[in-house]
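Please examine the two-chain model shown here before reading the exchange below.

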Amino acid sequence: MVPVSYYIVLSAVLFGLGVVAFIFKRNIITMFMAIELMLNAVNLAFVAFSRMLGQLQGQVYVFFVIVVAAAEAAVGLAIIILIARNRESLNVERVDLLKL
Amino acid sequence: MTVELALFIVLAAMAVSGAVSLILQRHPIHSALSLIVVMAALAGLYLLLGAEFIAAVQIIVYAGAIMVLFVFVIMLLNAGVEERTSFSRMARYVGLPLAVVFLLQLVWWAAKVPAQAAQTTQALTSTRSLALMLFREFLLPFELTSILILIAILGAVVLAKKEPV
């Protein structure tokens, strides 16, 4: 049996790597993927705790997180397409003005 | 070392190396493929934890639908290699130490979780009880998520629509 704390540490490491990716990447699509990575790390913690406590609520929350991630991906990618069309660049440092 | 621990180590190494590769790759399509590796590894970990339904959803929805959307957009926009700019040195000199401190703190807290061995309960693992819970206790949130998805679809269509100009 693998101790639950191993899963929690792995989840923390993945979340931290997601934060690092979000801070360091300049490409807006990659930053968006970093957010997905963080959501995945949280899901792993939910499932691990659900296993530890012997309750299913954690898995239901994971289900909802996945639904929200799907909705977020749809809207976020539409916004990215708009930005790319207007700025002709995917670099976030070129998106520093509200006005075009 | 049990088979389960070995599997955990292999899958965890896969997930972490995928995440590191997401950071190191300069081309978004390579980052997307690394993220798919992370998600596949996480699906394996869910199986180890006895959550078969979540593992299946992880593969079908995350690695399938969402990542295909990402790859599709990357190809649609013809995204090239990330260009290097030196606009913000703040990210390098403040962001990196902050990120490292945050990571260490997270691991510190996580390691304090009691090292209790995961117990197996057959009732817990069944998809049937998950469905019962989802459609009884969580019926209202479940219906609300369908409205959320509808709004997201409308938003995406309105945003991505060509300008009438």
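The following dialogue treats the interface, the helices and one chosen residue in turn.

The model is predicted, with local features requiring pLDDT of at least 70 and side-chain atom pairs pLDDT 80 or more, while totals for chains, interfaces and linings use all residues. Residues are numbered from 1 along each chain as its sequence is written, and chains are lettered from A and ligands numbered from 1 in the order in which they are written.

Student: Which helix of chain A gives the most residues to the side that touches chain B?

Tutor: Two residues are in contact if their C-beta atoms, placed from the backbone, lie within 7 Å. By that criterion, 60 residues of chain A meet 72 residues of chain B. The elements giving two or more residues to this side of chain A are α1 (4-24), α2 (28-53) and α3 (57-87), where helices are DSSP runs of H or I with at least four residues, strands are runs of E with at least two, and both are numbered from the N terminus. The most, 20 residues, comes from α3(A).

Student: How many residues on that side of chain A are nonpolar?

Tutor: Ala, Val, Leu, Ile, Met, Phe, Trp, Tyr, Cys and Pro count as nonpolar, Asp, Glu, Lys and Arg as charged, and the others, Gly among them, as polar. On the side of chain A that touches chain B, four residues are charged and nine are polar. The nonpolar residues number 47.

Student: Why does the length of α3(A) agree with what is expected at 1.5 Å a residue?

Tutor: The expected span of a helix is 1.5 Å times one less than its number of residues. Because α3(A) has 31 residues, it should span 45 Å. Its end C-alpha atoms are in agreement with this, lying apart by 44 Å.

Student: Which elements of chain B help to cover the buried residues of α3(A)?

Tutor: A residue is buried if 20 or more other C-beta atoms lie within 10 Å of its own, exposed if 12 or fewer, and partly exposed in between, with C-beta atoms placed from the backbone. The buried residues of α3(A) include Phe63(A), Ile66(A) and Leu77(A). Their cover includes α2 of chain A and, from chain B, α3 (52-76), α6 (127-136) and α7 (139-160).

Student: How many of the 26 residues of α2(A) are buried?

Tutor: From its first C-alpha to its last, α2(A) reaches 38 Å, close to the 38 Å expected. Just after this helix, Gly54(A) has a positive phi of about 70 degrees. The helix α2(A) is mostly covered, and its buried residues number 19.

Student: Why does Val19(A) count as buried?

Tutor: Val19(A) belongs to helix α1 of chain A. Leaving aside residues up to four places away in sequence, Val19(A) touches Met38(A), Ala99(B) and Phe102(B). Val19(A) counts as buried because its C-beta neighbours inside 10 Å number 22.

Student: Are α2(B) and α3(B) roughly parallel or roughly antiparallel?

Tutor: Axes are lines fitted to C-alpha atoms, for helices over the stretch in contact, and angles run from 0 to 180 degrees between N-to-C directions. Helix α2 (residues 28-48) of chain B packs on α3(B) at about 175 degrees, with the axes 8 Å apart. Angles under 35 degrees count as roughly parallel, over 145 as roughly antiparallel, 65 to 115 as roughly perpendicular and the rest as oblique. The two helices, α2(B) and α3(B), are therefore roughly antiparallel.

Student: How far apart are the C-alpha centres of domain 1 and domain 2 of chain B?

Tutor: Chain B has seven helices and zero strands. An automatic or database assignment supplies the domain bounds, giving domain 1 (1-80) and domain 2 (123-165) in chain B. The distance between their C-alpha centres is 22 Å.
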